[in-house]
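Here are my notes on this one, jotted down while going through the model. Have a look at the structure first, then read on.

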Amino acid sequence: MLQFLLFSLAAALLYHSAPVSALSICYGNLGCFTDDPPYTNTLGVLPGSPAEVGTRFFLYTRASPYPEQLDYNFPANVNRSSFDPELPTKVIIHGYQNNLQTVWLSRMKDAFLATDEYNVILVGWGPGATTIVYPQSVSNTRIVARQLARLLLVLWQTKGLDLNSVHLIGFSLGAHLAGYVSRELGYKVGRITGLDPAGPLFQSFGEPIYLDRNDAIFVDIIHSNGLPGGAGTFISHGHVDFFSNGGAHQPGCEAREDLINTERVKRPCSQNKVEFCVPLFL
Ligand SMILES: *[C@@H]1O[C@H](CO)[C@@H](O)[C@H](O)[C@H]1NC(C)=O
């Protein structure tokens with residue numbers, strides 16, 4: 001015990017006397033990222049490079065028979081796409097251990113386009129989301145948010161996109177990512193829906209690094225796996241927070257399936273049940 005106290009004291013002295021040198025990394029025209037507050041939740045892990053994170057944006061509309069890739073570095077191509085600024089825009093963002101092939105993304109996109117005319121943009125960041133080191137994927141949300149903000153700016157410049165008509169829908173880590181988009185833009189999008197925003201490295205953090213009601217004109221959050229050791233959060237940060245079946249466990253999921261553990265980290269059962277909430281947005 002005494003040894004522990006001495007060690008803590010020494011560590012504290014060392015920490016406070018060390019020169020304050022924030023970590024920082026820069027990626028060309030995307031600019032720099034530091035671990036300055038509020039982004040201290042990843043314990044110094046900074047976002048990976050654009051090549052490592054592998055962000056891709058695909059536009060789906062009723063007007064185009066095939067998906068169109070949107071690249072903010074090529075505004076003329078974005079301008080030639082079938083994006084229609086008169087239509088509402090739905091942006092769907094996956095979370096940890098998901099990628100563009102994850103089936104709920106296509107299901108949600110198809111459901112929107114079967115119901116009405118929309119611009120639907122799928123945001124894929126599979127290589128950045130499927131890291132083994134969870135803090136790395138947490139940190140990668142920041143660069144994807146900046147890239148998505150760039151794309152929205154290019155859509156505004158070329159097509160006259162109205163940011164009020166943009167609805168970001170983010171699952172798990174994608175929910176917090178959606179919140180960062182408005183911070184990058186310095187302007188609130190119309191709506192963000194958080195589908196069971198990720199809990200680990202967010203929930204118990206003092207800094208405002210999680211999706212909250214300041215990140216869009218309207219923020220609605222559905223909690224499905226918010227419990228200690230679960231994948232989600234149990235705190236109301238939206239304008240409206242729904243706690244599906246109480247917000248911790250969903251029917252058909254065993255309690256042990258919902259805890260973060262090595263077998264279940266890829267598919268926490270109750271968290272993934274939020275995909276059944278899709279009809280609520282149509
Ligand atoms: C986008 O395309 C339209 C015609 O399709 C053109 O009039 C307009 O100038 C273009 N805008 C930009 C910013 O390239």
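1. Let's start with the helices, keeping in mind that this is a predicted model. The axes of H6 and helix H7 (residues 173-185) come within 8 Å, and they cross at roughly 50 degrees. That makes H6 oblique to H7, since angles under 35 degrees count as roughly parallel and 65 to 115 as roughly perpendicular. As for the hand, H6 and H7 cross in a right-handed way.

2. Who makes that contact? On the H6 side you'll find Ser 137, Val 138, Thr 141, Arg 142, Val 144, Ala 145, Arg 146, Leu 148, Ala 149 and Leu 152. H7 answers with Leu 173, His 176, Leu 177, Tyr 180, Val 181, Glu 184 and Leu 185. Sorted by class, the contact of H6 with H7 comes to 11 nonpolar, three polar and three charged residues.

3. H7 also has a sheet to deal with. The helix lies across E5, strand E7 (166-171), strand E8 (189-195) and strand E9 (216-223). Relative to E7, H7 runs at about 145 degrees.

4. Now the sheet itself. It is open, has eight strands with mixed pairing, and its order reads E4-E3-E6-E5-E7-E8-E9-E10. Strand E4 (68-70) and strand E10 (240-243) are the edge strands, each pairing on one side only. From one strand to the next, the twist averages 20 degrees.

5. A few of the strand pairs are worth clicking through. Strand E5 (residues 89-93) and strand E6 (residues 119-124) run parallel and are joined by five bridges; if you want a spot to look at, Lys 90 stands opposite Val 120 in E6. E8 and E9 are parallel too, with six bridges between them, and there Val 189 has Ala 216 of E9 as its bridge partner.

6. Moving on to the edge at E10: E9 pairs with E10 in the parallel sense, over four bridges. Here the partner of His 223 is Phe 243 in E10.

7. Last, the ligand. Which residues are around the ligand? They are Ala 76, Asn 79, Gln 157 and Thr 158. Helix H3 (75-80) and helix H6 (134-159) are the elements that give two or more residues to this shell, so H6 turns up here as well as in the contact with H7. By class, the shell around the ligand has one nonpolar and three polar residues, and no charged ones.

Technical notes. Residues numbered from 1 in each chain as written. Predicted model: local features only at pLDDT ≥ 70, side-chain atom pairs only at ≥ 80, totals over all residues. Near = placed C-beta within 6 Å. Nonpolar A, V, L, I, M, F, W, Y, C, P; charged D, E, K, R; others polar. Axes fitted to C-alpha atoms, helices over the stretch in contact; angles between N-to-C directions. Parallel < 35°, antiparallel > 145°, perpendicular 65-115°, else oblique. Left-handed = near helix turned anticlockwise from the far one by under 90°. Contact = placed C-beta atoms within 7 Å. Pairing = 2+ DSSP bridges.
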